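Please look through the sequence and the structure shown here before reading on. The report that follows takes up a few topics in turn.

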Amino acid sequence: MTAAAIDIRSATKTYASGTEAVHAFGPSSLTIAPGEFISLLGPSGCGKSTLMLMIAGLLDCTSGEIELGGHVVKEPQTSIGIMFQDNTLVPWRTVRGNIELQIELRGLPSADYRATVDRLISTVKLDDFADRYPYELSGGMQQRAAFCQTLVHRPDVLLLDEPLGKLDAMTRESIRRDLQSLWLEDRPTVVFVTHSIEEAIQLSTRVCVISPRPGRIEKVIDIDLPWPRDLAAKRSEKFSAYAAEIEEIFHGYGVL
Amino acid sequence: MAMASSEKAAPAGASWLSAVLRALGRSWAFILFFVGFFLFWEYAIDIFSIPAYILPRPSEIVTRGWADIDRLLYYTYVTAVESLLGYLVAIAIAVPLGLAIAFSSFLRRTIYPFFVSLEMTPKIAFAPLFISWLGFGLLPKVIIVFLVCFFPVVLNAILAFGSLNEELTRFIRATGASPWRAFFKVRLPAALPQCFVGFKYAAINATVGATIAEFIGSDQGLGFYIQIVTGNMRPDLAFAGIFLLTLLGLALFGAVTLVERWVIPWHISQRRTH
Ligand SMILES: Nc1ncnc2c1ncn2[C@@H]1O[C@H](COP(=O)(O)OP(=O)(O)OP(=O)(O)O)[C@@H](O)[C@H]1O
Ligand SMILES: [Mg+2]
C-alpha cells in the first residue's frame with residue numbers, strides 16, 4: 001500500500017473568532033491516493049477554496065491536520081501547483097512572461113522551460129497571444145494563461161480552484177479534454193474545484209459532494225467509467241445516473 | 001538605396017503632419033476656449049475700463065515681461081533649482097522610508113500614525129521658522145519644498161508597498177520565492193503605479209512650496225520677483241512671473257508623467273483602454 005498523496009484528518013477552519021467567527025469548513029476527513037483526480041463539488045461559500053488553501057499550507061487548520069506527501073502541512077507547500085480562484089497574472093508581463101514568472105520566482109533556469117512553456121501555450125490555444133499583456137485578453141483567455149502558469153513547473157500535485165469557471169461552453173469542453181489527457185499521461189494527483197456536476201463526473205476518479213456552509217464532505221462518489229471520457233461517455237446511461245444521484249443530494253440541501 | 005530611404009521618409013513626414021493635425025483636431029475646443037479667454041480678457045479691460053495698475057492686458061504682460069526677460073529667466077532658474085532639489089530629496093528619502101514602514105509592523109505602529117497626523121499640519125506653516133533659522137539662502141527653500149513633497153510621497157509609498165492583493169501574496173508564498181526575488185519580480189512593479197500617484201501629487205506641491213518660501217524670505221526667485229513687482233504697482237510683471245511659474249509647474253509635472261510612461265508603460269496602456 002502506497003502512502004496517501006493527501007490525507008485530510010478532521011480538518012476544520014473557523015475564520016476570525018468570538019462573535020465575528022465564521023465556521024467555514026469541516027470537520028471532514030478524506031484520503032486521496034497518488035494519481036487520483038478528486039473533484040470538490042458544492043454550493044458557493046461552502047469552503048472549497050478554504051480547503052484548497054489549507055492543503056497548500058497557505059491557511060492553517062483551526063483543528064485537525066492535513067498530510068501532504070507523508071508530511072503534516074505546516075507551511076506553504078512549494079512542490080505543488082495551485083491555481084487560485086482569482087488569477088495571478090501580473091499586468092506588467094506578457095502571457096509568456098507570466099507563465100515564466102512561476103519559474104523565475106522558484107529560481108529555476110528559464111531556458112530549461114522554454115519548450116514546456118511553448119507547448120502549454122499551444123495546448124490552451126494562446127499561440128497568437130503569447131506576447132500580449134493580460135489586459136489585451138478576455139477573462140477566459142486570462143484563465144487559460146493562469147492555467148499554464150500553474151502547470152509549468154510540472155508539479156505532481158495540482159490544486160485547481162475553478163480553473164474553467166470563466167470559460168465559454170466550447171472552450172471549456174476542449175480544455176477539459178486537454179486536462180484529462182494531461183492527467184492520463186502524467187497522472188498527477190489533482191484536487192479540482194468546480195460548480196459543474198457534469199464536469200466533475202467527466203474528469204474525476206471520485207467526486208466529493210460538500211454540504212452548504214459550514215462545508216462538510218458529505219458524500220464521496222466513485223466514478224466508475226472508462227477512460228478517456230469523451231462526448232460519447234457523457235451520453236451514456238451510467239453518466240446520467242451519476243449526475244442524477246448528485247443532483248438529488250443538492251436537491252436535498254435545497255440548493256438545487 | 002537613396003530611393004528607398006526617400007520613399008520611407010515621405011510617408012513618415014506625412015504621418016508626422018497628420019499626427020499633429022489629429023492632435024489639433026482632438027483639442028480644438030480647448031484651443032478655442034484658451035484663445036477666447038485671453039481675447040475676452042484683452043477687451044474686457046477696455047469695456048469695463050479697468051486701470052492697468054489693477055489688471056493689465058495680456059498683450060501688455062507679454063511685451064513688458066519680454067522687456068524684463070533676463071531677470072525673469074534667471075529667477076525661473078532659481079525657483080526651478082529649489083523645487084527640483086527639494087522634490088528629488090523628498091523622493092529619495094520618502095520611498096525607502098515608505099517601503100520600510102510598509103514592511104515593518106513596529107514602524108507602522110510608531111512612525112506611521114505620527115506621519116498621518118503631521119499630514120494634517122499645513123507644512124507651509126513651518127516656512128517662517130526655517131527662514132529664521134537658516135536665513136535667506138537655498139537651504140531653507142529646499143527644506144520647505146522637501147516638506148510639502150515628502151508626505152504625499154511617503155504616504156502613497158506605504159499604501160503602494162502595503163497593498164499587494166491577497167492572491168498574489170499567496171502565489172509568492174506558494175512558489176517559496178526569497179524575499180528579494182519576490183520584491184523585485186512582483187512587489188516592486190506592483191507598487192509603482194501607486195508610487196507615481198504620490199510623485200505627481202508632490203510635483204504639483206513643489207513649485208507651490210518654493211514660491212511661498214520665497215514670499216517669506218528671499219532675495220531672488222519668481223516668488224521674490226512677484227512680491228517685489230506687486231509692491232511697485234507692476235501687476236503686468238507679476239503676471240509674467242505667474243506665467244513662468246505655471247510653465248515651471250507644467251514642465252515638472254510633464255517630466256514626471258513622461259518618466260511614468262517610460263517606467264510603467266503597461267499601466268498607462270491599461271488605463272487608456274478602459
Ligand atoms: N478571510 C476570510 N475571513 C472571514 N471569512 C472568510 C474568509 N474567507 C472566506 N470566508 C468565509 O468562509 C466561507 C467559505 O469561503 P470559501 O471561499 O472557502 O468558499 P467557496 O466554497 O470557495 O465558495 P465559492 O464557490 O463561491 O468560491 C464563506 O462563508 C466566507 O464568507
Ligand atoms: Mg471559492
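Is Q85(A) buried, partly exposed or exposed? With a relative accessible area of 35%, Q85(A) is partly exposed, where buried means under 20%, exposed over 50% and partly exposed in between, using a 1.4 Å probe and protein chains only.

## About the model

This is a predicted model, in which local features need pLDDT of at least 70 and side-chain atom pairs count only at pLDDT 80 or more, while totals for chains, interfaces and linings use all residues. Residues are numbered from 1 along each chain as its sequence is written, chains are lettered from A and ligands numbered from 1 in the order in which they are written, and side-chain values use heavy atoms, without hydrogens and water.

## The magnesium site

The magnesium ion (ligand 2) has as its protein donors S49(A), through OG, and Q85(A), through OE1, at 1.9 to 2.2 Å; donors are N, O and S atoms within 2.8 Å of the metal (3.2 Å for Na, K and Ca), and water is not among the atoms, so sites may look incomplete. Because S49(A) belongs to helix α1 (residues 48–55) of chain A and Q85(A) to the loop between β6 (81–83) and α2 (95–105) of chain A, the pair ties together parts 36 residues apart in sequence. S49(A) is also partly exposed, with a relative accessible area of 23%.

## The nonpolar core

The largest nonpolar core (buried Ala, Val, Leu, Ile, Met, Phe, Trp, Tyr and Cys residues joined through side-chain atoms within 4.5 Å) has 83 residues, and those with the most contacts inside it include I6(A) and Y87(B).

Note on methods: Helix = DSSP H or I, 4+ residues; strand = E, 2+ residues; numbered from the N terminus.
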